[in-house]
Structures are given as C-alpha cells and as structure tokens.
Amino acid sequence: MKEVILATVLLSAAVAAHAEDADTDTGKTALEDTTKAVKLENVIVNAPFRRIQYSYAALNTSHNRQQMFDLQPRTTPEALQGMTGVWVQQTNHGSGSPIIRGLIGYQTVMLVDGIRINNASFPGGPLPYLNTIDGMSISDIAVVPGASSVAYGSDAMGGVINIQTVSPMFTLSHGFSVHGAVTGRAATSGMEYVGRGEIDLANDVWAIHAGFDGKRFGDVHAGGGLGIERPSGYTEWAGDFKLRRRIGANSVLTAAYQGLRQYHIPTFLQIQNGKFDKYETKKQVRDLGYLSYRYTPQSEKLNYIESTVSYTRMAGTNWRIPKGSTVSTFADDDVRSLGLTADISLQPLLWANLKAGIDIYNDKVFSSGTRSDSSTGMSESVAGSYPDGSTMLTYAAFAEAEATLGKLKVGAGARYSGHRLSISSKDFGDVTLTPDAVVADMHISYELFRHFTAAWIMGSSFRAPNINDLAKLGAEDSWYFVPNFNLSPERGLNMEVSLKYDGRRTKASVNLYRNNLSNIMSLVPGQTSDDKTEVDGMPVRMKSNVDRAYVMGFEAAFEQQLCTVMWLTGNMTYTYGENTTGHQPLSKIPPLFGSVGLKYAAKRLSLALVSNMARRQDRLSPQDKEDARIPKGGTPGWAVLRLDGSYRLGHFMFAATFDNILDKGYRYHASGIDAPGRNAKMTVTYMF
C-alpha cells in the first residue's frame, strides 16, 4: 500500500511542477510529441500501406513510436499487453501469441509493412513469430479485432495485427540532412540490456534509414516469492534498412531489409517439470526483403496504385535433451516465402470509394532432423517436424466499396482465395489439397447525434489448413502430433454492434460481438504408425474438422480529459467461448481483464500510473486441463500497478518504468512462465 501512495504522490508532484511548462514549451523531439501518447483515435489499418479496413475498434488499440518509447516493452508481443481486447499468451519469454476475441495463433493475421508474417508452418497455439519483429524498429502497431478475411485473407478470423516499421522522410531541399539516435536500456536484476543506433540521411529525392540493435534478456525474476525462473533468458541481434526514392512528382520506390537473429531461447516450463535437461530454440532467424512501388497521381478518380514484391525467411532450430539422457535431437525448420501484392484505390464519385487488390504467396518448407549421442559420438539424420519440401501456394483477389451519404456510411466487400498444398514423403506418399473460400462483409454506420455513432458490422472469415495442420509430426508442448491429410477450411461468421462517442473531452466505445465458428480444426486423439497412443509420456494428438463453436463478448474503453494535461483512461474485455459440439468451453479463453490509468502529458514530460488486472479463469476445456501451462483448477486472478514516464531534455529523451510495484506473483492465463516481479527499467536516447 505504501508503494501505491508513493507513486500517487510522485505523479501529483510532477503534474504541479510541470503544469506551467506544459503551456509554454513549444519544442519538438525527433520522436512524436508526447502529447500524442494519450490520444486514442479510431484505428485505420493499412496493408500493404493503404489497403484500408474500416474498423470500429475500441479505443486504445494502437501505439505510435512515442508510446512504444514510453512503455519500453521488452518484446513486440508484450507491446500489445494492456491494449483493449488483446490478451498475450507466452510459453516462454522468446515467444508471444496474441489472443483476440478468443482466437489464438494462426486464427489472427500478423503483418509487417503490409506483408504477412503468417506462413505455412504457423501453429494454432503459442508461436515465436511475432517476437521476431524488432520492437525498436516499429513506428506504429495497431490491432483490428473481428473478422477481416475480405481485406486480409486466410487466418483473419479473430483480428489483425498490423505493424509499420520506421520510414525515412524526404526533405524540402536538395542538400542532404543527417539525423540519428543512440539508445540504451537496462532493467533491474539483469533482466534486460538493450542498445540501438540508427541514422537517417535524406534530401528531396532520396531518403535512407538504417538501424541496428542488440539485446540480452536475463532470467525472469518472478514476483510473490516465486524466485528466479532459470533458464528463461536469451540474446538477440537485429537490423533494419529502408531506402525511398522519388520517381517523378507522383511515384515513390521503396526497398527495405529487416533481419533478426535470436539465440538459445529456453522453455522454462519443460525444465521445471523435470522432463528435459535441454528444451530450447537454439537459433531463430527472420529475414525480410521487399520492393514496393507507389503511384499517387493528381487525379480526382484514381487515388493510388501500389504493388509490393517480398521475400521472407523464417527459420529455427529446436534442441531437445530428455532428462538424464545423453541423446540430443535437433529439428531444423526453414520456411521461405515469395509474395506479391497489388492494390488500387478509386473514387469514381465524390461520395463513393472503391478498393481492389490481389495477393499471391508461395511458401516452401524445408525440414530436417538430427539425433546425436554424446556418450558414443554417433549422429544420424531423422525426420523433421514436417515433410521436407512441402509447399503452400495462396492466390486471392478482393474488392471493397464504401459510400458516404451524409451521416450514413454503407460498405461491402468480397474476396476469393485459392490454395494449393503439396506434400511428399516416403512415409505418406504424395498428397495435394486445393481448398478455396469465398468471403464477404458489410458495415453500416450512422451518426445518431453529434459525436455519437452506431454501427452494425457483419463479416465471414476463414482459415485454410496449412502444412502445420496437415503434416505436423513430433513433440510440441504437452502433446505428440501425427498428420491428418483430410482437412478443410475453418469458417467464421462475425456479427457485431459498435457504439462510439468521440467528444472533445470525453471518448468512449463499446463493441458487442458474436462469432459463429464451424469446421474447426481441433485436437483429437490419434495414433502413430505403429499404433501408439502415447510417446515419451505425451498423449498422441492430431487435427480434425470436428467442432462447431461460438465466441461472444465485448470490448469497452473510455478516455476522460480531466484538465489540459491529464486524462483518466480505462478498458475492459470479456470473452466467452463455447464448443457447441462437445458442450464444453473453448480452449485458452482469456478471463475478464482490463486496465485503468491516470495519465499526464506535457511538451517535455509524460507520466502514467496504470493498473492492469484479470479475474481468475477456471472455465477450462478438456485440452486446457491437460495443458501443463495452466495450474490445476485454473489460473488465479491478479492486479498489478505500474508507474512509467518520459522526459525530454535538449537532445536527450529519458524513459523510466517502475513495474509490478506491489511485487505480485502472477502469470497470464495459458502462459508457461510467470511475469516479472517488482522491477525498474530505464531508457536513454541521444538524438542528433
């Protein structure tokens, strides 16, 4: 209780000390003005950069770069924690799976600069892929909840996470300008050390950005006397480069590369339960290169044309040593994706907009394994996680239209998606599947009175089976997987009502939804080729289209401006998921959760006192009850308090966080590791 009183006193003192400065200081920083950190605007998500999905998302579903600086998230998944409607599940601190409207993993689309992160090996549960996006390179991150398959294709059943990385800006003169920044960050107990350097070089024709950073994450020091959770730390290196070139008055060509390497990411749970001496991702790799062309004519009818060609590589090596064994197994999975997207935006009438585009992605999976015995020095090749050389081709076209008639807006869209999956192995022979899907959506909104808008949204969605669904083989988490080649797309039909008040001092939003799901690929008991139902103490499971279900709930948020420099904010999310086939709860449904905060923002100083909280979740599916990440009887509720802030002084920017002030021992439901206990973190940036 003393810590709460102290934090409140500090916040109040800072407000009093800087109130006059807030009204008179007109300086800017290289990061965005800190006053923007508390403005919670309606989300419009772009993909590749201007494919607009009109969203009626609740407040507090996006962060800009200034907010990322203030919050100092350890990883990109953790940057989503505290957002309205987003629950982040972590099996280890090198991964993070956002759960949006009760759907996890590959039922949510993730994009970086408009390019899909989702690939042919995406699993349904915990995944490391979002954590391979370097949080230090992000300029904006936004979440759109709800069915979005018309704009984004397969997997967009629960929602979309759209990440934009830093882009250099052109100047107004022919001479080159040079700007840059050097950043250092450290956390108590050695839990985090980060260093980054970046530079921008630009004139009116060329703009270049380059950044590089290194991170070392120490073992988690959990709260509530839970102690040090060892091993849980790892190291990371990342770099990003972006070049923009004006071509004439109306065109811009962008070339970019992003690379990341992570080393020795352990899964603490598997060591803690005594089943393994070594259970880690030895190396995790992401490479992305793309070339994008954007044409923006001075035309009343044509808004823009944009096309992007991309190459993505996601690779990882998993290393396992069973407890007391001298035998190591290594599984190497490497997915390489070629992508092509093209978009056009038209305004044939003053009151009508039309957008259309195509998506083509081709994924190839390279998978192999090695078993070695340290006692004999012998080594042999074994089967990988998937049949080596498997491919997945996706091709799609979509169109969306919207009309604005005074206070009324009406929109509709449709997409066709085709897929071709080819799998060949000596154990299973040649298998080819060609699932396809047609989806549509529509929305109607009306401004009932000034600042208050009501909307009705309906959209169908789907998720095509991928290589992980069809042909996953081997141990992962608490199960041993075997293939099933008789799968078809999952389907969803989402209906929701959105109410939003957007006044000058008061903002509030409520979204109520129900998503009916069918043909769900669920885990069912399976057998190995030699009729085993259990391998190394893990039950054998496979995917099958056996279930129907629904998810319903609400997302609510508010922002109240108390004075010129202070705001009260809060949000709450409730999710209820029911498997109607088995008359049982859906797996990994988050509990009721939310946050409340008091925020102060001036030109130089920004402060926030925030409490995040969640109720107990004891409504468990049979799969949850088998899951070693979930305590027997359910995950306890919790409430934690955090004080953070930032300050600008000349060329310097400072950010500090005092987290879990009451040293609560807790974990996010379905996670395999506890959250850090009481800790402090500080970031210093020098800008030139």
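This passage describes the confidence, strand pairing, nonpolar cores, cavities and selected residues of a predicted model.

In this predicted model, local features require pLDDT of at least 70 and side-chain atom pairs count only at pLDDT 80 or more, while totals for chains, interfaces and linings use all residues. Residues are numbered from 1 along each chain as its sequence is written, and side-chain values use heavy atoms, with hydrogens and water left out.

The protein chain has a mean pLDDT (the predictor's confidence in each residue, from 0 to 100) of 90. A value of 70 or more is reached by 91% of the residues. Over residues 1–50, by contrast, pLDDT stays under 50. For this segment the model has 114 contacts (heavy atoms within 4.5 Å) beyond four places in sequence.

Helices (H or I, at least four residues) and strands (E, at least two) are taken as DSSP runs, numbered from the N terminus. Two strands are treated as paired if DSSP finds at least two bridges between them. One open sheet contains five strands in the order β3-β9-β10-β7-β8, and its pairing is mixed. Its edges are formed by β3 (62–64) and β8 (115–116); each has a single partner strand, so one side of each is left without a neighbour in the sheet. The pairing of β3 with β9 is antiparallel and extends over three bridges. Asparagine 64 stands opposite aspartate 140 in β9.

Another open sheet consists of three strands, β4-β5-β6 in order, with antiparallel pairing. Here β4 and β6 (103–104) occupy the edges, and because each has a single partner strand, one side of each lacks a neighbour in the sheet. Strand β5 (residues 97–100) runs antiparallel to β6 and is joined to it by two bridges. Isoleucine 99 has isoleucine 104 in β6 as its bridge partner.

Strand β18 pairs with both β17 and β19. With β17 (residues 251–266), the pairing is antiparallel over 15 bridges, and alanine 255 has leucine 291 in β18 as its bridge partner. Strand β19 (residues 302–322) is likewise antiparallel to β18, to which it is joined by 18 bridges. Lysine 283 is partnered by threonine 317 in β19. A hairpin is formed by β18 and β19, with six residues between them.

A nonpolar core is defined as a set of buried Ala, Val, Leu, Ile, Met, Phe, Trp, Tyr and Cys residues joined through side-chain atoms within 4.5 Å. Buried denotes under 20% relative accessible area, exposed over 50%, and partly exposed in between (1.4 Å probe, protein chains only). The largest nonpolar core has 27 residues, of which Leu80, Ile117, Ile141, Ile161 and Ile163 touch the most other members. At least two residues of this core are supplied by each of β4 (86–89), β7 (108–112), β9 (138–145), β10 (159–165) and β18 (276–295). The largest share, three residues, comes from β9. Leucine 80 touches Val86, Val88, Pro98, Leu130, Ile141, Val143 and Ile161, with residues up to four places away in sequence not counted. A second, separate core of 14 residues includes Val335, Val365, Ile423 and Val431.

Eleven cavities of 30 Å³ or more are present in the structure. On a 1 Å grid over the protein atoms alone, a cavity is a set of points where a 1.4 Å probe fits but cannot get out, and lining residues have an atom within 4 Å of a point. The largest cavity has a volume (the space filled by probe spheres set on the points) of about 900 Å³. It is lined by 49 residues, and Leu71, Glu78, Gln81, Asn612 and Arg642 are the closest to its centre. Elements that each supply at least two lining residues include α2 (65–71), α3 (76–79), β34 (566–579) and β38 (638–649). The largest share of the lining, five residues, comes from β37.

Two further strand residues were examined. Isoleucine 344 lies in β20 (residues 327–349) and counts as partly exposed, at 30% relative accessibility. Its C-alpha atom is separated by 5.7 Å from that of lysine 355, eleven residues apart along the chain. Not counting residues up to four places away in sequence, isoleucine 344 touches Leu302, Tyr304, Ile305, Leu354, Lys355 and Ala356. Threonine 432, in β25 (residues 429–433), is also partly exposed, at 46% relative accessibility. Beyond its neighbours within four places in sequence, threonine 432 is in contact with Arg420, Leu421 and Ser422. The C-alpha atoms of threonine 432 and asparagine 303, 129 residues apart along the chain, are separated by 41 Å.

Technical notes
On a 1 Å grid over the protein atoms alone, a cavity is a set of points where a 1.4 Å probe fits but cannot get out, and a pocket is an open set with protein on both sides within 12 Å along at least five of seven lines; lining residues have an atom within 4 Å of a point.
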